[in-house]
Amino acid sequence: MPLSGCTGVQSALDPAGEEAAAIYRLLLVMVVGGTLIWCAVVGLLLHASQRRNAPWSERTAGRLIVWGGVAFPLVVLLALLAYAVWLMPSIRPWLARHAPAPETIEVTGEQFWWRIRYPARDGLPAFETANELRLLVGERVAFSLKAADVIHSFWIPVLGGKMDMIPGRTNTLSLSPTKTGIFRAPCTEFCGTSHTLMAFSVIVMEPADYIAWRRAQAAGDVPGGGEGEQLFARHGCAGCHGVRGVTGPATLGPDLTFFGQRQTVGAGTLANTKENVARFIRDPAAWKPGAKMPAFDMLPSKDIAAISDYLVGLK
Amino acid sequence: MTGTVETELSADARKAQEAELREVWRTPSGWCYWTSVNNTEIGLWYGAAAFIFMLFAGVLALLVRVQLAVPGNDFLSADMFNQAFTLHGTVMMFLFAVPIFEAVAIFLLPSMLGARELPFPRLSAFGFWSFALGGVFVCGSIFFGAAPNTGWFMYPPLATDKEYSGIGADIWLLGLSFIEVASIAAAVELIVGIMKCRAPGMRINMMPLFAWYLLIVAGMILFAFPPLIAGDILFEMERMFDWPFFDAARGGDPLLWQHLFWIFGHPEVYIIFLPAIALMAMIVPTFSQRPIVGYSWIVLAAVGTGFLSFGLWVHHMFTTGLPQISLAFFSAASEAVAIPTGVQIFVFIATMLAGRVIFSVPMLFGAGGLAIFIIGGLTGVMVALVPFDWQAHDTYFIVAHLHYVLIGGMLFPIVAGIYYYYPLLDARKLSDRLGKIAFWLMFVGFNVAFFPMHLAGLRGMPRRVFTYPADIGWDWFNLISTIGAFIFASGVALVVIDVLRPKHRQPKGEQNPWNSGTLEWISEPEEKWGVRSIPIIRSRYPIWDQRGLIEDIKAGRFYLPDAKDGARETLVTSVLDAEPIQCLRVGGTSLLTILAAFSLGGVFIALTFHWWITTIVCASATLAAIVAWLWTGTAVIPREEMRDVGLGKTLPLYTSGPGSVGWWAMFITMAGDGTAYASLMFGYFFYWTIHEDFTAGHAGPGVLWPFTAAGLFTLAWAAMLVAQWVNEADWRGLTRLALAVAVLLTLAACCAGLAGPYLTGMDPTVHVYPAIVWVVALWTVVHGGVGIIMQLYCLARNLAGRMSARHDMDLRNVVLYWHFLVITAITSFGVLGLFPGLR
């Protein structure tokens, strides 16, 4: 199965945001401390089992329990807890009003893709897109997280921790990207057959690029895509997928405006190439088991090829 | 010598006693072998079954590892993979980790406590058969592609989606509910056994640590499993009848399941871990050749762990968006549990330092397990810190952490226990050489398999993925993990081979080969009576400290050296000081327990497939079997009131009220039942807190009918008190009258309880408010129904002359049930009538 992974890093060990960096520092402290403690305790255990000289007195051994089992852990744990609790509000503001972010992007988890709604901002209109998130470097951004069907979880490892998307609830999360780049973000709450194949790309951009991208996105494509565009409408693709400026709004499946710019097809399933798009249209479940999109293998190959050409060309 | 023995029996008289005992405790032969209820057989079958389930779940894990060995693999389909990991987790937790300790406890506890049997051997047998049947049902589902596939914690709304989960979710819910019944039965058995059946003189502060731990664990089972059962009920009502408990669109909330599941699920981890530490607490002193250092410390630490474990559940929900102030609280509580855990580890190290350690195979597995467990504990401290958990949650880091905890903290000690206690089964030791090879295969294989998972998780690999992309940096980690998994599995296989290989050419060893100090080593593998005579205990390590103890026991110089009336007998002692208070006659070999377990299993299986008629037939058969079991086997009026138990002591054969084991069993069962009820009420108020108007404009059951129901239940309870009182005065006719009146009042109370929601037309499928009202009302009314059966049973006992003023155990136990029921009824109908109706 030629899965697509070449959409950037997905590692909490390569932080590209303030939150992930703070947690990474906490991790380093704990790994060093944990290693030392493990060596000490296991060393003592080995010593106790191999030792041949006279046994300790019961009193001394009792003292070891008090100091090793109670006093030492108490001090270490209190210090660690204080550090972590002190970190919490800086990573996730305890109340939304403490850290207003310039914009709140609404992300909805659906089986098995991501609906993304950008709000209107600085004269730029609101719009909807899917499976690819673009962010502005150096600016705190807030997310309003929802679920359409079952529980999903929103996690961009390089930027910070995860937050669940739960039906009937709206969770908020904010992140502050500090590096530009292309990253990958998987769903992290088991959500059904294709939970594995539900990821989105995150592209952190410089301000000028970001503004240009938003302008173009909001405006949408211009009609004139030729045969592929007509087939897209005729075979009913537009019943579920919208292409702003070309088709009417459709909300059942992912929005496909400027689909050609995206890294992957099928929410992280395959690399976005003409061949892969055609494969996916022909039989989505073959690549993404449990996908809600029906197979279109009854369409003539040349129609599928034309639609794929059209979609990949939407740049 | 104890000095209390007046006369020495002749060798012939002793032989006669032995023959008598042997006959009474004989294991049936042929097909009837399976009707045995003796703790040694039940313990062995229980353990073997749990171990077989473990091997099955281990094979599932290997399939999972093969699928993940290389990126983009298609060895398993996505759906099969999802079934495999769900069943792996489910089986390991519910069919291995908890039952294996019930098995070990049932096998070891009687002789460790110096008892012949646990107080309710038939209940143990019933528990075992329920467990075996339920386990086969759950495991078998995967061969039909119908296994649960939503992960072992079954989060709705994915798991309530019938289209996705098919019948698998029902198999999980009903199959495991059935097994939970078995677990609770075992918990009742163990608590009563440990509190009431210890050898005379074994005061509570002299109990072997294993008994202390099992007492704590059984208590935890009693309070941890019921919330899950309550959750299962809500869940199954949603799946079967569309009552929207977890459907956000109709006022439900998926998070309620998460709370109920983890209120069970976190104590569960300690329910698994503490008994393993208990085994270590038996093994370490033996091989350090000295008593444990810090007995009170370790008992206190175990109690502390048990308590704290109920206050940690939210650390499984750090990413659900709960208020951060509560996250901080649960984070602190989760860190706190590391302290009692540390104390327990240091107690072992201190004991080793204060003794002279003989390093043998059980110690090897024990120490290796500790070295692994400590890593799991340290990563546990890490993930208990909220910010780090936001990153690590639901990744392979967690997979690594939980396996380090469970395999290091549970599987290794279990294997240590197998090597340590095997001589009790067969009078022979397992092989040292095979044991050492198995240890190194398991130890190295384990670390090779699971250590890389920490790194894979930190590098972004989520758990429960059936494959992964090639170029994302997880390839090597996964391949190494798969190789390690097979090395580990070969170690486990070697242990199995060592246990199963024929050993008749190996000479039988001595009775106490490790020179241990605790009482379980007095039991002889070929004798079924447990202990030849029940000794007087004066030390925590009686075999070390009481000289000549084994010989005196074997010579029958202590209590109950004989078996009269062909009855299986053991001593009941007082809770704290273990003063002998009764000679208890326990149930013997019986087919009824199997019938009861299988027909109850039939109920759960038929429910899964919605075969309503079969369900009713099986339920009636269960009721009949249980009534027959109680009628013939419990509260039997003995021919003589008193029994000479030896050493110049005579004890009653029949006790009722708080002195009797039956009363304690009822009390403990009702504590568990009350916990399930409290969990339902938690649900009721949970919905109230998450909604501004919890009723969403739906009409409630009114005030009149609920209050009538509460009033009638109170009257029925009063009638039961009257019945008990007139029975004590030996007015049989009046007792019958009072019982009959109580039955009628209860019937009326049940009708009134249902009339409220029914007459106001509450439809449980439209919104969560009517649904939760119906569930609370039904719970109470069903308990009323059980109350009626009990009242009728007492009436029948009275009519049959099986109950008298002196022999009133049945009636007293039923009245105890009614105390709980009347509190339930007043709470239920009070809340339904007043809250939130009076706005």
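Which helix of chain B does Val722(B) lie in? Helix α22, and that is where these notes start.

1. **Ground rules.** This is a predicted model, where local features need pLDDT of at least 70 and side-chain atom pairs count only at pLDDT 80 or more, while totals for chains, interfaces and linings use all residues. Residues are numbered from 1 along each chain as its sequence is written, chains are lettered from A and ligands numbered from 1 in the order in which they are written, and side-chain values use heavy atoms, with hydrogens and water left out.

2. **The nonpolar patch.** Val722(B) joins Trp725(B), Trp731(B), Leu734(B), Leu737(B) and Val741(B) in a nonpolar surface patch of about 620 Å². Two elements of chain B give two or more residues to it, α22 (704-728) and α23 (732-759), and α23(B) has the largest share with three residues. For the cut-offs: patch residues have over 30% relative accessible area and no salt bridge, with like charges joined within 9 Å and nonpolar side chains (Val, Leu, Ile, Met, Phe, Trp, Tyr) within 5 Å. Areas are Shrake-Rupley values with a 1.4 Å probe, and for residues only the protein chains shown count as cover. Helices (H or I, at least four residues) and strands (E, at least two) are DSSP runs, numbered from the N terminus.

3. **How open is Val722(B)?** Val722(B) counts as partly exposed because its relative accessibility is 40%. On this scale buried is under 20% relative accessible area, exposed is over 50%, and partly exposed is in between (1.4 Å probe, protein chains only).

4. **The A/B interface, by area.** Chain B and chain A bury about 6,900 Å² between them, and carbon and sulfur atoms give 72% of that. Buried area here is the accessible area (1.4 Å probe) that two parts lose on being put together, summed over both. On the chain B side, Leu353(B), Trp390(B) and Gln391(B) lose the most area to chain A, together 11% of what that side buries. The contact (heavy atoms within 4.5 Å) takes in 85 residues from chain B and 82 residues from chain A.

5. **The A/B interface, polar side.** There are two salt bridges between chain B and chain A, where a salt bridge is a side-chain nitrogen of Lys or Arg within 4 Å of a carboxyl oxygen of Asp or Glu. Glu58(A) pairs with Arg290(B) in a salt bridge, with the closest N and O atoms 2.9 Å apart. Polar contacts link 18 residue pairs across the two chains, both partners at pLDDT 80 or more; the test is N or O atoms within 3.5 Å, and within protein one must be able to donate a hydrogen and the other to accept it, with residues adjacent in sequence counting only if both atoms are side-chain atoms. Elements giving two or more residues to the chain B side include α3 (78-113), α8 (254-288) and α21 (661-690) of chain B. The most, 11 residues, comes from α11(B).

6. **Salt bridges overall.** The whole structure has 37 salt bridges over all chains. In chain A, Glu106(A) and Lys146(A) form one at 3.7 Å between the closest N and O atoms. Glu106(A) is in strand β1 (residues 104-110) of chain A and Lys146(A) in strand β5 (residues 141-147) of chain A, so this pair ties together parts that are 40 residues apart in sequence. Both belong to a salt-bridge network with Glu110(A), Arg115(A), Arg117(A) and Glu128(A).

7. **Back to α22.** Arg812(B) and Glu728(B) meet in a salt bridge at 3.9 Å, N to O. Arg812(B) sits in helix α25 (residues 809-834) of chain B and Glu728(B) in helix α22 of chain B, so the pair ties together parts 84 residues apart in sequence. Arg812(B) is partly exposed because its relative accessibility is 24%.

8. **Three buried residues to look at.** Ser288(B), in helix α8 of chain B, is buried at 0% relative accessible area. Beyond neighbours within four places in sequence, Ser288(B) is in contact with residues including Thr351(B) and Val357(B). Ala230(B) is in helix α7 (residues 209-241) of chain B and is buried at 1%; leaving out residues up to four places away in sequence, Ala230(B) touches Ala676(B), Ser679(B) and Leu680(B). Ser660(B) is in the loop between β4 (649-652) and α21 of chain B, and is buried at 0% relative accessibility.
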